[in-house]
Every structure is written in C-alpha cells, then in structure tokens.
Amino acid sequence: MKAMVQRWFSLGLLLSGGALVACGNPAVDVRIAELPEEDPNVPVGEFHRPGQPCVLCHSSYGGDAPVMSIAGTIYAVKGLVPNPEPAEGEPTRIAPPPVGDVSVLMYDAFGRRSPPVATNCVGNFYLTKEQWDPVFPVYAEIEFTPPEGTQSLRAAMATWIQREGSCNTCHNGDANQGSVGRIYCMEKMPDPPFDPPTKANCNGVP
Ligand code: HEC
Ligand code: HEC
C-alpha cells in the first residue's frame, strides 16, 4: 500500500515536472512557438529578438533567465520607411531603424518610479524583476534627444498598462487591427535621416 502511494506520488512529480519544462501554460507555449526563430548572427542576450514580447520567455512561466518585469523595443519613427537599396524581391518600405539611448520612465500603482533604463543600439530595453517589481497598472513614457536636436522629445502612453510586461505584445510591428504599432520617437524621419545602427557600431546588428 505504501509502495503504491509512493509510486503515484512520483508519477505526479514526473508529470508536473514535464509540465514545468513546457511552461505549464499551453497558451504561453503556443505564443512562444509562434515567434520568429533566434537570429544565429545575433548573440543571445540584450540585443536578441528586437520587437518580440521579451517577458513571454523571460518570466517564471517562460523559464528563461533573467526574469523581467518590463521590456520592449523602441524605433525612430512611426510607420515604415523607404528601403534605401531594395534588392530583388525585397520590399520598398521597411521597418524604421531602432533607436538607442531612449529613456523609459515608468511609475507603478503605488507611484513608485522605475530605476533609470534606456534602450540599447537595437532599441531593446528591459528591467529585471529584481531591479523593479512594479504593482500594476503601470504608467509609461519615453524621452529621446534627436541627433541634431537641442530639445528632447517626450511621449507618454495615455492609458496605464494593466498587467502586460512586454511593451511589444501590444506595440507589435506595423499598426493594424492586432497592434497599436511600434513605439516610436518621432512622427517623421528628420533630415538628415536617422541612421540605422551598423555592425561596426552595434553588436546586435546581424
Ligand atoms: C523565445 C524566448 C525569448 C524571447 C522572446 C526573448 N528572449 Fe532573451 N533570452 C532567451 C533565452 C533562452 C536566453 C538565454 C538564457 C540563459 O542563458 O539562461 C535569453 C537571454 C537573454 C539575456 C541574457 C541574460 C544573461 O544573463 O546573459 C537578455 C539580457 C535577454 N535575453 C534580453 C531579451 C530582450 C530584451 C528580449 C525582447 C526584446 C528578449 N530577451 C526576448 C529567450 C528569449
Ligand atoms: C496592453 C497593451 C500595451 C502595452 C503592454 C503597452 N502599450 Fe503603449 N500604448 C498602447 C495603446 C493602446 C496606446 C495608444 C493609446 C494610449 O496612449 O493609451 C499606446 C501608446 C503608447 C505611447 C504613445 C504613442 C503616441 O503616439 O503618443 C507610448 C510612448 C507608449 N505607448 C509606450 C509604451 C511602453 C514604453 C510600453 C512598455 C513599458 C508600452 N507602451 C506598453 C498599448 C500598450
């Protein structure tokens, strides 16, 4: 009898262990499986997977370290920009360049301010849960100093983020029925245009 109980017990462990590896949440598994593949030319780390919902994986469910509270990606302008040299079969308009050094300022439901955080050269930023563990809803704004500008620009989200830690879950690529569009710094490309990062000045460029 005792042995029987034990056997069931270990089977239970085995099952829950397996479920943990697979996140224990089928909805999250499906969303992770649908994401574009890791770019083999970008090191796995702060520069990888720009535009993707970071916290989906970097969470206790997703299981990838570090566990993040908030993360996202920020781009230069609203909408698509002309592709300077479209190769055969390539689109004539492409995603805008990402922008580094954009500060992201947030407050949580208790009015606690986020620690200073800014985007890297592929536009990614993140705060680990250890750095900031906000109580939702969270207020967010961004601040950016244009290349030629003297005055910094600020844009705030009018509504508060209810509980989604990944900015990119809502700000997912082009604006359409499923997305509010990328988080951007300027309505239009300045003149001279904002240069995309290059392999020479940014480790995250493939
Ligand atoms: C599909 C899942 C997935 C997504 C989406 C994802 N990551 Fe990761 N990330 C990983 C994995 C797996 C690792 C490697 C973890 C390890 O080594 O334990 C990693 C590692 C990292 C690390 C390095 C941690 C270290 O200790 O060196 C950082 C930083 C990071 N990711 C940032 C991001 C950011 C920012 C985003 C969103 C723009 C993002 N990740 C999106 C899965 C993901
Ligand atoms: C739950 C979905 C959702 C999440 C998550 C989210 N946003 Fe938003 N965001 C919106 C919506 C919807 C709008 C437009 C309405 C508004 O401003 O509230 C918006 C607007 C904005 C704007 C203003 C854009 C403009 O044109 O003025 C900024 C800046 C912004 N978000 C930044 C962020 C940042 C930074 C994060 C992550 C910390 C984030 N958002 C996370 C849905 C989201």
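**Two iron sites and their surroundings**

In this predicted model, the iron atom of ligand 2 has as its protein donors the SD atom of Met 157 and the NE2 atom of His 171, which lie 2.1 to 2.2 Å from the metal. These two residues link distant parts of the chain, since Met 157 lies in the loop between β7 (153-156) and α4 (167-170) and His 171 in the loop between α4 and β8 (183-186), with their positions 14 residues apart in the numbering. The site of this iron atom is octahedral, with angles of 86 to 178 degrees among its six donor atoms. Met 157 itself is partly exposed, because its relative accessible area is 29%, a value that falls between the limits of 20% for buried and 50% for exposed residues.

Ligand 2 is surrounded by 16 residues, of which Met 157, Thr 159, Cys 167, Cys 170 and His 171 are the closest. In addition to donating to the iron atom, His 171 places a polar side-chain atom 2.8 Å from a nitrogen atom of ligand 2. Oxygen atoms of the ligand also take part in such contacts: a backbone N or O atom of Ala 158 lies 2.9 Å from an oxygen atom of ligand 2, and an N or O atom in the side chain of Tyr 184 is 2.9 Å from an oxygen atom of ligand 2.

The iron atom of ligand 1 is coordinated at 2.0 Å by the NE2 atoms of His 48 and His 58. This pair, too, links distant parts of the chain, with His 48 in the loop between α2 (26-33) and α3 and His 58 in the loop between α3 and β1, 10 residues apart. The six donor atoms around the iron atom of ligand 1 subtend angles of 83 to 180 degrees, and the arrangement is therefore octahedral. Both histidines, His 48 and His 58, are buried.

Around ligand 1 there are 18 residues, and the closest are His 48, Arg 49, Cys 54, Cys 57 and His 58. The elements that contribute two or more residues to this shell are α3 (54-57), β1 (68-77) and β5 (124-128). By residue type, the shell around ligand 1 divides into nine nonpolar, six polar and three charged residues. The two coordinating histidines also make polar contacts with the ligand, in that a polar side-chain atom of His 48 lies 2.7 Å from a nitrogen atom of ligand 1, while a polar side-chain atom of His 58 lies 2.8 Å from a nitrogen atom of ligand 1.

Key: Residues numbered from 1 in each chain as written. Chains lettered and ligands numbered in written order. Predicted model: local features only at pLDDT ≥ 70, side-chain atom pairs only at ≥ 80, totals over all residues. Heavy atoms only, no water. Donors = N, O, S within 2.8 Å, 3.2 Å for Na, K, Ca; no water. Tetrahedral: all angles 85-135°; square planar, octahedral: opposite > 155°, others 65-115°. Helix = DSSP H or I, 4+ residues; strand = E, 2+ residues; numbered from the N terminus. Buried < 20%, exposed > 50% of the residue type's maximum accessible area, 1.4 Å probe, protein only. Near = heavy atom within 4 Å. Polar contact = N/O pair within 3.5 Å; in protein donor to acceptor, adjacent residues only side chain to side chain. Nonpolar A, V, L, I, M, F, W, Y, C, P; charged D, E, K, R; others polar.
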